[in-house]
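Here are a few short exercises to work through with the model open beside you. Try each task before you read its solution.

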Amino acid sequence: MKFISLCCLFLPLIASCSSQSAQNHFPETKSQAETITEKQILPGIYAMDSIVAALLGKRVALIANHTSLVDGTHAVDTLLGSGINVVKVFASEHGFRGDAPDGAHIGNTKDPKTGLPIVSLYGKNKKPTPEMLKDVDVIVFDIQDVGCRFYTFLSTMHYAMEAAAENGLEMVVLDRPNPNGFYVDGPVLDPKFKSFVGMHPIPVVYGMTLGECAKMINGEGWLKDGVTADLKVFECENYTHSSLYELPVKPSPNLPNMDAIYWYPSLCFLEGTDVSVGRGTPTPFTIIGEPGNKGGDFEFTPVSIENASTDPKHKGEVCVGYDLSGKLDFKNLPDTVQISWLVRMYNETDSKADFFRKDGYFDLLAGTDALRKALVAGKTANEIRAEWQKDLLDFKKIRVKYLIYAD
């Protein structure tokens with residue numbers, strides 16, 4: 001277990017670090033009376049004077065979504081209002097407004113407010129093409145991450161950096177704090193299992209901001225053919241990796257609160273199995289279960305939810321399992337991936353032969369086939385975690401070279 005220091009959030013969105021309220025709400029729903037008066041954590045976009053100086057007179061393509069806020073105003077409007085020539089917006093998974101379901105392809109469209117073209121990077125193309133970039137001088141990335149390898153915004157940033165390098169463009173990352181940035185854990189990806197849900201030889205929980213990751217991607221030569229992007233990172237203010245950072249808005253449709261965000265690194269493995277993680281319910285990633293589970297005492301039935309889970313796993317079926325909501329102490333969060341829940345669900349499944357998806361998705365999420373094989377072999381959670389340790393130590397030696405913020 002690790003003590004996490006408590007910090008407030010955005011100036012207009014007063015945040016509390018009260019554990020009870022954090023489990024159910026994002027900061028804008030909290031009362032001022034709950035606020036802890038310490039230095040406020042400010043994402044990189046708050047350095048607007050420096051950002052304007054760097055971008056003025058250049059044609060900008062902005063990779064952004066609904067989390068790209070400054071003082072409650074979207075980054076697109078903020079940059080345009082500061083005289084920056086934003087020529088287009090790129091949309092990643094979940095879309096520009098963050099309301100597209102998990103995995104749903106995003107189409108090209110137009111922003112009704114600004115008239116800017118919105119170009120999809122989660123459809124036919126996940127990497128900007130030369131045609132998309134012919135009227136661009138600099139790509140600006142500003143999306144909130146949650147610090148897990150299988151959360152696809154890291155992959156989107158990778159492809160943007162690669163496209164910038166190949167087309168002679170500048171790459172700017174407006175950094176944002178990582179709510180799971182206080183620990184490093186999980187299996188390290190084997191390059192044989194590289195995919196859009198895991199592109200780099202890093203652990204599931206990497207303990208870095210996307211700005212730090214961008215420096216690492218450049219420095220380790222992980223872009224195609226070893227190219228490097230002309231990279232500039234605008235850093236967060238008053239953030240360290242031991243800060244408890246509560247997001248002002250939900251980062252995606254199925255991470256509705258901080259409880260889900262903290263459970264996500266541990267439970268997302270189950271997406272590659274027969275087990276439901278609560279998609280199609282009001283509390284995804286805080287409940288787990290499947291039909292025929294032999295050990296749980298909690299029941300739920302997934303249903304179709306517009307803009308979140310239109311066709312969830314086990315839709316209309318009663319799932320039996322566990323309710324994990326409210327079980328985390330937000331002032332003393334675990335600093336390891338809670339692999340015991342995966343082990344438990346495998347041991348309690350009604351059909352081990354049907355536990356893992358047949359398409360290999362579990363191995364892509366894990367970044368290795370070793371985790372699946374360890375479960376089948378009956379290894380305990382402690383035995384499984386022991387297998388990660390050497391690779392984690394090797395990664396930490398790389399990680400430290402690129403840290404911007406203190407641990």
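**Exercise 1.** Find the residue that stands opposite Pro117 of β7.

*Solution.* Keep in mind that you're looking at a predicted model. Start at Pro117 in β7 and look across: the residue facing it is Lys110. Next, check how the strands run: β6 and β7 (residues 117-120) are paired antiparallel, with two bridges between them.

**Exercise 2.** Work out the strand order of the open sheet, then say why β6 and β12 each have a side without a neighbour in it.

*Solution.* Walk across the seven strands and you get β6-β7-β5-β2-β8-β9-β12, with mixed pairing. Now look at the two ends: β6 (109-110) and β12 (230-234) are the edge strands, and each has a single partner, so one side of each has no neighbour in the sheet.

**Exercise 3.** Which strands does helix α2 lie across, and which does helix α4 touch?

*Solution.* Take α2 (residues 48-55) to begin with: this helix lies across β2 (59-64), β8 (138-142), β9 (170-174) and β12, at about 160° to β12. Then turn to α4 (residues 153-166), which packs on the sheet and touches β2, β8 and β9. The direction of α4 makes about 155° with that of β9.

**Exercise 4.** How many disulfides does the structure hold? Why does Cys268 not bond to the closest cysteine sulfur?

*Solution.* The count is zero. For Cys268, the closest cysteine sulfur belongs to Cys148 and sits 7.5 Å away, which is too far for a bond, because a disulfide needs the two sulfurs within 2.5 Å. As for exposure, Cys268 is buried at 4% relative accessibility, and Cys236 is buried too, with a relative accessible area of 9%.

Notes. Residues numbered from 1 in each chain as written. Predicted model: local features only at pLDDT ≥ 70, side-chain atom pairs only at ≥ 80, totals over all residues. Heavy atoms only, no water. Pairing = 2+ DSSP bridges. Helix = DSSP H or I, 4+ residues; strand = E, 2+ residues; numbered from the N terminus. Contact = heavy atoms within 4.5 Å. Axes fitted to C-alpha atoms, helices over the stretch in contact; angles between N-to-C directions. Buried < 20%, exposed > 50% of the residue type's maximum accessible area, 1.4 Å probe, protein only.
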